[in-house]
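Trainee: I have a new structure open and no idea where to begin. Can you walk me through it?
Mentor: Sure. Pull it up and ask away.

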Amino acid sequence: MTVAAYSSEIGNPITDDIKKISLLKQNIPKDYKITLRYIPKEVSGMCWVKLNVFHLEVSLKGLAQKFGNISSNKDNIGTLVQILQEMRYHIGHGLEDSMLEFDCHYVNEMWLTAKYFEFVEDFFNTANSSRDVEDCEPPPCPTSTKTTVMTTTTPSTLSAQHSTNGEAPVITRAFLPKVVQSSLMSLLAILFIAVVVFLMVWKIKSRRNTPQTERSPEEGPALFSGEEANIPPLDVEISEKNRLNIILAV
């Protein structure tokens, strides 16, 4: 069934639908980027329309959400979405199986407005001139190239990645030495401050406990030391001699 047949069921001739595509191309800014997942013609062959109908519908629905309810752009996009939904209904359940078989050939793109609607216009023109194909034979999947995953290490993210070959996770260690280093520096600083405070307290206490009998260097040395300190005074010796002389005289 052609697109004209699909659109006739909801009361819109195909010519009017194509005109709406041209209006959308003019009304939407040229630098607007629109996302689309699609499959190239050279890969899908006669099944190109069938394999692109679902993802084109999803893309147009996302584009319609960016306009207000009273916008003419949203109405025109809604008409195209209805046609695509009717197409999926007539294709039937085999569409999902075909999409899974060609899954490795799909491409994700972000196109500017002009290129995007050229694709949409080409899609409807091709659908209007082609016949439905029951069986679609997918070509071999392209060889996948290994991609290097780059991770940025931050204080809030310490990630472990699994490689595509099933190897053990690779842990990013760039952040661990910095954490350990900063912790050690903080610990050393705390210990140094504690030692200084302890020494100051000990020195103050030792000064307070010093006996008061000790002489300071300014008072000079002691007058007597050792045995000299125990010698009796000279006047005591003189008085004793005088007593002996009186006794002898008597």
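Trainee: Among contacts in the protein chain between residues at least 6 apart in sequence, what percentage join residues at least 24 apart?
Mentor: The figure is 76%. Keep in mind that this is a predicted model.

Trainee: Okay. How many helices and strands are in the protein chain?
Mentor: Nine helices and four strands. Starting at the N terminus, the order is α-α-β-α-α-α-α-β-α-β-β-α-α.

Trainee: And what share of the residues counts as buried?
Mentor: The chain has 250 residues, and 24% of them count as buried.

Trainee: Let's look at helices. How do helix 4 and helix 5 pack?
Mentor: Their angle is about 150°, and the axes are 9 Å apart. Anything over 145 degrees counts as roughly antiparallel, so that is the label for helix 4 and helix 5. Their crossing is left-handed.

Trainee: Which residues meet there?
Mentor: From helix 4, the list includes V49, V53, F54, L56, E57 and L60. Helix 5 brings residues including I77, L80, V81, L84, Q85 and R88. By type, the contact residues divide into 13 nonpolar, one polar and five charged.

Trainee: You mentioned E57. Is it buried or exposed?
Mentor: Buried. E57 has a relative accessible area of 2%, and the cut-off for buried is under 20%.

Trainee: What does E57 touch, leaving aside its neighbours within four places in sequence?
Mentor: V81, L84, Q85 and R88. Those four also appear on the helix 5 side of the contact with helix 4.

Trainee: Does helix 4 have another residue I should look at?
Mentor: Try S59, which is in helix 4, residues 48-64. S59 has 8% relative accessibility, so S59 counts as buried too.

Trainee: Which residues is S59 in contact with, leaving aside its neighbours within four places in sequence?
Mentor: I34, T35, L36 and Y116. Y116 sits in helix 7 and is itself buried. I34, T35 and L36 fall in strand 1, which covers residues 33-38.

Trainee: Then tell me about helix 7. At what angle does it pack with helix 5?
Mentor: About 40°, with the axes 13 Å apart. Helix 5 and helix 7 are therefore oblique to each other. Helix 5 passes helix 7 in a left-handed crossing.

Trainee: Which residues make that contact?
Mentor: L80, I83, L84 and M87 come from helix 5. Helix 7 supplies V120, F123, F124 and A127. The set is eight nonpolar, no polar and no charged.

Trainee: Which residues of helix 7 are buried?
Mentor: Among them are T113, F117, F119, V120, F123 and F124. T126 and A127 are buried as well.

Trainee: What span should helix 7 have, and what does the model show?
Mentor: Helix 7 has 17 residues, so at 1.5 Å a residue it should span 24 Å. Its end C-alpha atoms are 25 Å apart, which agrees.

Trainee: Back to strand 1. Is K33 buried or exposed?
Mentor: Exposed. K33 belongs to strand 1, and its relative accessible area is 53%.

Trainee: How far is K33 from L112, in sequence and in space?
Mentor: They are 79 residues apart in sequence, but 4.5 Å apart in space, C-alpha to C-alpha.

Trainee: What is K33 in contact with, leaving aside its neighbours within four places in sequence?
Mentor: M110, W111 and L112.

Notes. Residues numbered from 1 in each chain as written. Predicted model: local features only at pLDDT ≥ 70, side-chain atom pairs only at ≥ 80, totals over all residues. Heavy atoms only, no water. Axes fitted to C-alpha atoms, helices over the stretch in contact; angles between N-to-C directions. Helix = DSSP H or I, 4+ residues; strand = E, 2+ residues; numbered from the N terminus. Parallel < 35°, antiparallel > 145°, perpendicular 65-115°, else oblique. Left-handed = near helix turned anticlockwise from the far one by under 90°. Contact = heavy atoms within 4.5 Å. Nonpolar A, V, L, I, M, F, W, Y, C, P; charged D, E, K, R; others polar. Expected span 1.5 Å × (residues − 1). Buried < 20%, exposed > 50% of the residue type's maximum accessible area, 1.4 Å probe, protein only.
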